[in-house]
Amino acid sequence: MSEIAGILEYAFFRNALAAAILTSILSAMVGTYIVSRKIVFISGGITHASFGGIGMAYFFGLNPFLGAAIFAVFSATGIEWISQKGKVREDSAIAILWSLGMALGIIFVFMTPGYTPDLMSFLFGNILSVTHSDLYLLLAFCLVAALFFWIFYRPIVNTAFDPEFALIMGIPVAFFRYTMSVMIALAIVLSIRSVGIILVLSLFTVPQITAMLFTRNFASVIPLAAFWGILGSVLGLFASYLLDIPSGAAIICMLTLQFLLVKLVVIVREGVNRKRKGDGDF
Amino acid sequence: MSIPLVKIENVSSGYFSETVLREVDLEIFLSDFIGVIGPNGGGKTTLVKTILGIQPLFKGRITYPSGKPRMGYLPQISQIDKSFPITVRDLVGSGLRARRRWFPHLGSDQKKQVDTLLEEAGIASFASRPIGELSGGQIQKAFLCRALINDPNLLILDEPNTFVDKGFEKELYRWLKELNKKMAIMLISHDIGTISPMVKTIACVNVNLHYHPSNQLTEDILKVYNCPVDLIAHGPVPHRVLKDHE
């Protein structure tokens, strides 16, 4: 216990905790949209495409996250555009984007002279190196997203659920679809800081499917997903410190463990209920 | 003759460069109950989407001589993702327009309106349930409520009789008959047999549209209309599609 109190005295650890909480809240909102619309694969494409931006930014000596953000936004809106035009097979387009982004990233990093120190941290995240300015950026975006979700909750849900009907109702469907694409892209890039490109997708899916074991109402999934996300990532963070394992991987394992445990409880409970009902038949 | 709600003149439409609907004319009046039949891919849904204004026209025009009608639409349920986390109440509420553009939540009176309609439809006890927990008939009812919540004067239903049991189908038709007293109804079906006793007139859509001003069709007329319907195409014995003329 004293060990836990001890690490809380380190600023880097407090920053990491704050980042874990903010990232969980952000991914709870955006991830609920992703899971509900069943666009997890699209989000995977956006995530990996952003590596191309990171590589390019390295090569030209720019901020890697700026590069990632630009690539992510372009690929997100590009995929949305393709899916609305419907002329190309969407899944193939995503696969191309996915691998092309990674390939470009690898080439540019390879061509960059000298040593590229924190390449691994982009792939696997490094939440312990989060700075104050990272946190402010995360907080600001979290607030913007929360405000957007709060104000436009109805059109966001309605365009996600039944875009055709939303169009009939006079909702600017394209505006909301593209805005959400941009939001997904930026949320992913901001979360890459914590858990990395390879692992980030689970932050946007695992707490949400855990929450959906309890509720299937969009508005209630968000806070519940935030709860599971925060719990899992904070526990993961402590586990990574105590067991001396990489933080991103520890967080993802903790989130998944949570999901499996909750799922198990649900299955057992359903089994018990069924048995009780069955007993009545005898 | 009264003024039509919708006037479709010489309309062609489709997807990309492929014409699905060619030079179609149709007038819809408030008292109408039109059965829209035709083979799959014949353009029934495209016709409906042009009327709803979400399908670009290649040619022709659609006008609303008595002002833009309020339209209620029930899409094909097979197109809907039933696992989406939305409650019955929110689903029905999505058929209402918010008053404010910059904070488009429903007013408390509108929420009450939703609950009242759910009560009338007999699905009030499911209001807070996600749609994934409903049976086929209950889902259809919920979507019908969404179509009706705006008090439409034109109700368009795309295959409402799929995935439902016979009991619900009967109830649905009773309901529609009642609704037809105050609104026009367009009922799309590939199964002419079940809808023909219900509807007043029939539109056969197979790229072209042939309007038949009664609900009695014979196989010969369908042939002339070039409107192959499922029942005729692979019915083993029956050569008459509809009930006998009295």
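Start by selecting H10(A): the helix has a kink of about 110 degrees, centred on Arg193(A). Here the bend at a residue is the angle between axes fitted to the seven residues ending there and the seven starting there, and helices (H or I, at least four residues) and strands (E, at least two) are DSSP runs numbered from the N terminus. Keep in mind that this is a predicted model, in which local features need pLDDT of at least 70 and side-chain atom pairs count only at pLDDT 80 or more, while totals for chains, interfaces and linings use all residues. To find your way, note that residues are numbered from 1 along each chain as its sequence is written, and that chains are lettered from A and ligands numbered from 1 in the order in which they are written.

**Along H10 of chain A**

Colour residues 173-203 of chain A and look at the two ends of H10. This helix has 31 residues, yet its end C-alpha atoms are only 27 Å apart, short of the 45 Å that a straight helix would reach at 1.5 Å a residue. The expected span is 1.5 Å times one less than the number of residues. Is H10(A) mostly covered or mostly open? Mostly covered: 25 of its 31 residues are buried. A residue is called buried if 20 or more other C-beta atoms lie within 10 Å of its own, exposed if 12 or fewer, and partly exposed in between, with C-beta atoms placed from the backbone.

**On to H4 of chain A**

Now select residues 64-85 of chain A. This is helix H4, whose 22 residues reach 31 Å from the first C-alpha to the last, close to the 32 Å expected at 1.5 Å a residue. Show the side chains of its buried residues, among them Phe65(A), Phe71(A), Val73(A), Ile79(A) and Glu80(A). What do the buried residues of H4(A) pack against? Their partners are helix H3 (40-59), helix H5 (90-111), helix H6 (119-124) and H10 of chain A.

One of those partners, H3, holds the next stop, Ala57(A). Ala57(A) counts as buried because it has 22 C-beta neighbours inside 10 Å. Leaving aside neighbours within four places in sequence, Ala57(A) is in contact with Leu62(A), Asn63(A), Pro64(A), Leu66(A) and Gly67(A); two residues are in contact if their C-beta atoms, placed from the backbone, lie within 7 Å. Try a distance label from Ala57(A) to Met254(A): they are 197 residues apart in sequence, and their C-alpha atoms are 32 Å apart in space.

**Chain A as a whole**

Zoom out until chain A fills the view. It has 13 helices and zero strands. The C-alpha atoms fill a box of roughly 75 × 60 × 35 Å along the principal axes. Of its 282 residues, 47% count as buried. Among contacts in chain A between residues at least 6 apart in sequence, 73% join residues at least 24 apart.

Before leaving, select Asp244(A), in the loop between helix H12 (218-243) and helix H13 (247-281) of chain A. Its phi is near 55 degrees, a positive value in a residue other than glycine. Most residues other than glycine have a negative phi. Asp244(A) is exposed, with 8 other C-beta atoms within 10 Å.

**Crossing to chain B**

Next, show where the chains meet: 18 residues of chain B are in contact with 20 residues of chain A. On the chain B side, these residues divide into 12 nonpolar, four polar and two charged. Ala, Val, Leu, Ile, Met, Phe, Trp, Tyr, Cys and Pro count as nonpolar, Asp, Glu, Lys and Arg as charged, and the others, Gly among them, as polar.

Chain B has eight helices and nine strands, and 38% of its 246 residues count as buried.

**Two last stops in chain B**

Select Val88(B), found in helix H2 (residues 88-93) of chain B. Is Val88(B) buried or exposed? Val88(B) is buried, with 28 other C-beta atoms within 10 Å. Its contacts, apart from neighbours within four places in sequence, include Leu118(B), Ile123(B), Phe126(B) and Ala142(B). Add Phe143(B) to the view: 55 residues separate it from Val88(B) along the chain, and their C-alpha atoms are separated by 8.7 Å.

Finish at Asp151(B), in the loop between helix H4 (136-148) and strand E6 (154-158) of chain B. Phi of Asp151(B) is near 50 degrees, a positive value in a residue other than glycine. With 12 C-beta neighbours inside 10 Å, Asp151(B) counts as exposed.
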